[in-house]
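Let's take a relaxed walk through this structure, one piece at a time. Have the sequence and the 3D view side by side as you read.

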Amino acid sequence: MRYASAVVALARKDLLLELRAKETVPAMLLFVLAALTVFHFAVPTGTSQTAALGLLWVAIIFTALLGLTRAFVPEREQGLLDALLLAPCDRSAIWLAKAFSVFAFLVIAELLALPAFSLFFAGVGWATVAAALLADIGISAVGTLVGAMAVAGRARELLLPLLFLPLAIPIVVGGVGASSGTHGHYLAFLVLYDAVFCLLSWAAFEYVVSET
Amino acid sequence: MSRIPLAGLVGATAALFALAISLIFFYAPNDPNQGLSQRIFYFHVPIALTAYTCFGWGAWKALLHLWRRPEGADLESYVAIHQGVIFGSLTLLTGSIWARISWGVWWVWGDDELVLFLVLFLFYCAYFMLRYSVEDGPARANMCAVYALFGVVLIPISFFAIRLSRSIIHPEVFKLSGPQMAGSQFLTFCVALVAMLFLFATLYQTELAGKRLDLKLRELRELLA
Amino acid sequence: MLGRRFSRRVISATNLGKRFGAKRIFDRLELRLGRGDFLLVTGPNGSGKTTLLRVLAGLDAPSRGELSLPDRATIGYLGHEPLVYRELTPLENLRLFASLYAIGEREQRIGVLLERFDLWRVRDERVSTFSRGMRQRLGLCRVVLHDPKLLILDEPFNALDEAGATLLDATLGEFAASSAIVVATHDPERVEALATTRMALR
């Protein structure tokens, strides 16, 4: 199980780096809270529950973007991606480990976001929580792949949102739908999205990071 | 596609367009509700289908590039997607005009296909941002190929999502084509579709030839330097 | 002809060329190295030494020509950056790479290397507190951790102090017989004695 131990070692590295630096997760927590506060002022009284739920998902997507922008920072700033690419392990292991740590950070951010949303706007049901978890998987999978692309380019911080947002639209649809009313179809859709894009990202990551 | 001579393509496209336009304005029956302006349908849907063809062709070339690595596949993929964005913008434009004609507004969220095109338009514009932000080379070719493949997977997934979203956002349903098309309508539609596809082939060949020439010039300049 | 297991050939390149866009970096290079060979690459700054070494390490694809590389698990590359995580300790860094290279008895191997490169006493301190020379020494640990049979070093003496340079000399001597080594430097006197082939880039 060399693959598995490589993934574990890489994921542990990412989590350890964040534990030491303490930059990304606090920023995400603060951002999500600030965003929800802004939304309070942006939303007129008497707005439907569905509209408010939409804002929750906007907050999640943009908090995720914040986290994704930071995801490849050590590899980018110190050229460390080369060190990882030199290793004999399958390149998809890098993707898997990175996506896992992004997922972990998102879940932590949502541990604050969902209760805060309940407090500020309206209660949050189990379907929303399930949808959030499924959405996190999709966001991490696609975001990590696209983040690796953005990192190779010039205007990284600009490029990442542009590459990520169109791909995130189906996630938002699934999330909002699952949060409000008939959740069955939307949760199933999120599972479909996750399955398709996880597989695609896992298989394609090799080509995104290596020239050969 | 690259083996068909360009002059022949141009001639065929011109002829097909002449035929299509005459059919659209003189042969196809008048729509009882919208009159003359309904004919934009004969432009809008073929352009949309051609755009899908462009993206599909681009994704196919991208897959070839990653799989077998033939020399020009990356360039061909790029040109196809470029054409796709052009046809996509035209789709949005004609769709908007049709919306204005049919429902009095310049944009409707209830039209699934149009919303899908908006999402795809955003996605493929980002393709160009990606392409211009990375240095030319094997890395860029690989990344663009992967992105093109993601696009083609996004098409059905987005369509699914948009369908689902209707029940929470817009309950109304708009259909692009009316009830079963009459024979004459169908013929006109088919000719228009073939004309558009030939237009794509012509533009694709032209742009590809231009880009290849550009590349050769640069290589020659390099050798002389 | 002996079977592959006994082959001395480690890396070979024919008609190797690399360009970035329209800019040609090098062209028509020929290379054949086996165990025991030591290639010394010299040339002024900007002559393409770094690019060549990256291509030989398998990081960048050549624009043309044939390149035959050994398995990634047997290649060790040290670039201008030591390629170690600054916010981790030497132990954590080496444990990570040991996992990636699937090295057996890793604690022992790591300990031996840290001792040899005089980093054992700082094994639990973050690399960000190190001097440049110490970071370079840790980079060397990373490079030889998996006992590579192709060792590629890009200006390795640059960041090292005299003690570090002596350690590197010893390491090169150790690997000289059993591996193929490629060193790029603009200070060739140091390794002149070990070199079996030379390549000068312009």
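Start at Val41(C), whose bridge partner in E8(C) is Met199(C). What you're looking at is a predicted model, so take this pair as part of a prediction. The two belong to a longer match-up: strand E3, residues 38–42 of chain C, pairs with E8(C) in the parallel sense, over four bridges.

Now zoom out a little. E3 and E8 are two members of an open sheet of five strands in chain C, and the order across that sheet is E5-E6-E7-E3-E8, with parallel pairing. At the edges sit strand E5 (75–78) and strand E8 (197–200) of chain C, each of which pairs on one side only. How much are neighbouring strands turned against each other on average? By 10 degrees, if you ignore direction.

Hop over to the other edge, to E5(C). This strand pairs with E6(C), again in the parallel sense and over four bridges. Within that pairing, Ile75(C) stands opposite Leu150(C) in E6(C). In a regular strand, side chains alternate between the two faces of the sheet. So which residues of E5(C) are on which side, and are they buried or exposed? Ile75(C) and Tyr77(C) are on one side, Gly76(C) and Leu78(C) are on the other, and all of them are buried. In other words, E5(C) is covered on both faces.

Next, look at the helices that lie across these strands. Helix H1 (residues 49–57) of chain C lies across E3, E5, strand E6 (150–154) and strand E7 (180–184) of chain C, and runs at about 155 degrees to E6(C). Its buried residues are Lys49(C), Leu52(C), Leu53(C), Val55(C), Leu56(C) and Ala57(C). After H1(C) comes Gly58(C), with a positive phi near 90 degrees. Helix H4 (residues 132–144) of chain C lies across E5 and E6 of chain C, running at about 165 degrees to E5(C).

There's also a hairpin to visit. Strand E1 (residues 9–20) and strand E2 (residues 23–34) of chain C pair in the antiparallel sense, over eight bridges. One example is Ser12(C), which has Arg32(C) in E2(C) as its bridge partner. The hairpin has two residues between the strands, and here Gly21(C) takes a positive phi near 65 degrees.

Put the pieces together and you get chain C as a whole: five helices and eight strands. Read along the sequence, they follow the pattern β-β-β-α-β-β-α-α-α-β-α-β-β. The radius of gyration of chain C is 17 Å, close to the 17 Å that the globule rule gives for 202 residues, so chain C is as compact as a globular protein of that length. Its C-alpha trace spans about 45 × 40 × 35 Å along the principal axes. Buried residues make up 41% of the 202 residues in chain C. Of the contacts in chain C with a separation of 6 or more, 75% are between residues 24 or more positions apart.

Finally, swing the view round to chains A and B. Here 29 residues of chain A are in contact with 27 residues of chain B. On the chain A side, the elements giving two or more residues are helix H7 (126–152), helix H8 (156–179) and helix H9 (183–209) of chain A. H8(A) gives the largest share, 11 residues. By type, the residues on this side of chain A divide into 20 nonpolar, seven polar and two charged.

Key:
Residues are numbered from 1 along each chain as its sequence is written. Chains are lettered from A and ligands numbered from 1 in the order in which they are written. This is a predicted model: local features need pLDDT of at least 70, side-chain atom pairs count only at pLDDT 80 or more; totals for chains, interfaces and linings use all residues. Two residues are in contact if their C-beta atoms, placed from the backbone, lie within 7 Å. Ala, Val, Leu, Ile, Met, Phe, Trp, Tyr, Cys and Pro count as nonpolar, Asp, Glu, Lys and Arg as charged, and the others, Gly among them, as polar. Two strands pair if DSSP finds at least two bridges between them. Axes are lines fitted to C-alpha atoms, for helices over the stretch in contact, and angles run from 0 to 180 degrees between N-to-C directions. A residue is buried if 20 or more other C-beta atoms lie within 10 Å of its own, exposed if 12 or fewer, and partly exposed in between; C-beta atoms are placed from the backbone. The radius of gyration is taken over C-alpha atoms; the globule rule is 2.2 Å times the number of residues to the power 0.38.
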